[in-house]
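Me: I am new to reading protein structures, and I would like a close look at a single part rather than a tour of the whole. Please take one helix and go through what surrounds it, step by step.

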Amino acid sequence: MGNTEELYVVIADNIRKERKRRYFSQGELAERADISVDTVKSVENGRRAMSLDTYLKIVQALGTTPVALMNKENPERYTDRFAYMIKNCSRNEVEFILYMVEQIVKGQACYLK
């Protein structure tokens, strides 16, 4: 399988997983994204490539990001956990936490090589 085909499979799988995680039916996703149910079914089953417009509508309807749906590993579980941890923090506290996480991520690269 080529890189492009593999990416289509990853996106289709992530759309299905994210839809189910949010407890949306295919019909609900179609309605929220203003696309047909047949389009959702075809995309999730990998039978149809979608336009950029359709992809962005699905991304918005799922409340995620275009990049998140392209990752093999589902980062949403981490962002949900992070959001829960900082829900009572002030804006300044959140900015500080993000800065610290950025520093940790930058610093860990040399240790993981």
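Reply: What follows is a walk around helix 2 and the helices that it meets, in a model that is predicted.

Helix 2 covers residues 26-33, and one of its partners is helix 3, which covers residues 37-44. The axes of helix 2 and helix 3 come within 8 Å and cross at roughly 115°, so helix 2 is roughly perpendicular to helix 3. The crossing of these two helices is right-handed. On the side of helix 2 the contact is made by Gln-26, Gly-27, Leu-29 and Ala-30, while helix 3 brings Val-37, Val-40, Lys-41 and Glu-44 to it. Sorted by class, this contact of helix 2 with helix 3 has 4 nonpolar, 2 polar and 2 charged residues.

Among the residues in that contact, Glu-44 of helix 3 deserves a slower look. Glu-44 has a relative accessible area of 4%, and it counts as buried because that value is under the cut-off of 20%. The side chain of Glu-44 is joined to the side chain of Gln-26 by a polar contact of 2.9 Å. If its neighbours within four places in sequence are left aside, Glu-44 is in contact with Gln-26 and Leu-29, and also with Ala-12, Ile-15, Arg-16 and Arg-19. The buried residues of helix 3 are Glu-44 together with Thr-39, Val-40, Ser-42 and Val-43, and just after helix 3 comes Gly-46, which takes a positive phi of about 70°.

We can now turn to another partner of helix 2, namely helix 4, which covers residues 52-62. Helix 2 and helix 4 pack at an angle of about 110°, and their axes lie 8 Å apart, which means that helix 2 is roughly perpendicular to helix 4. Helix 2 passes helix 4 in a right-handed crossing. Here Leu-29, Arg-32 and Ala-33 of helix 2 meet Lys-57, Ile-58, Ala-61 and Leu-62 of helix 4, and by class this contact of helix 2 with helix 4 has 5 nonpolar, no polar and 2 charged residues.

To draw the picture together, one residue to follow in the model is Leu-29, which takes part in the contact of helix 2 with helix 3 and also in the meeting of helix 2 with helix 4. Leu-29 is, in addition, one of the residues in contact with the buried Glu-44.

Definitions and conventions. Residues numbered from 1 in each chain as written. Predicted model: local features only at pLDDT ≥ 70, side-chain atom pairs only at ≥ 80, totals over all residues. Heavy atoms only, no water. Axes fitted to C-alpha atoms, helices over the stretch in contact; angles between N-to-C directions. Helix = DSSP H or I, 4+ residues; strand = E, 2+ residues; numbered from the N terminus. Parallel < 35°, antiparallel > 145°, perpendicular 65-115°, else oblique. Left-handed = near helix turned anticlockwise from the far one by under 90°. Contact = heavy atoms within 4.5 Å. Nonpolar A, V, L, I, M, F, W, Y, C, P; charged D, E, K, R; others polar. Buried < 20%, exposed > 50% of the residue type's maximum accessible area, 1.4 Å probe, protein only. Polar contact = N/O pair within 3.5 Å; in protein donor to acceptor, adjacent residues only side chain to side chain.
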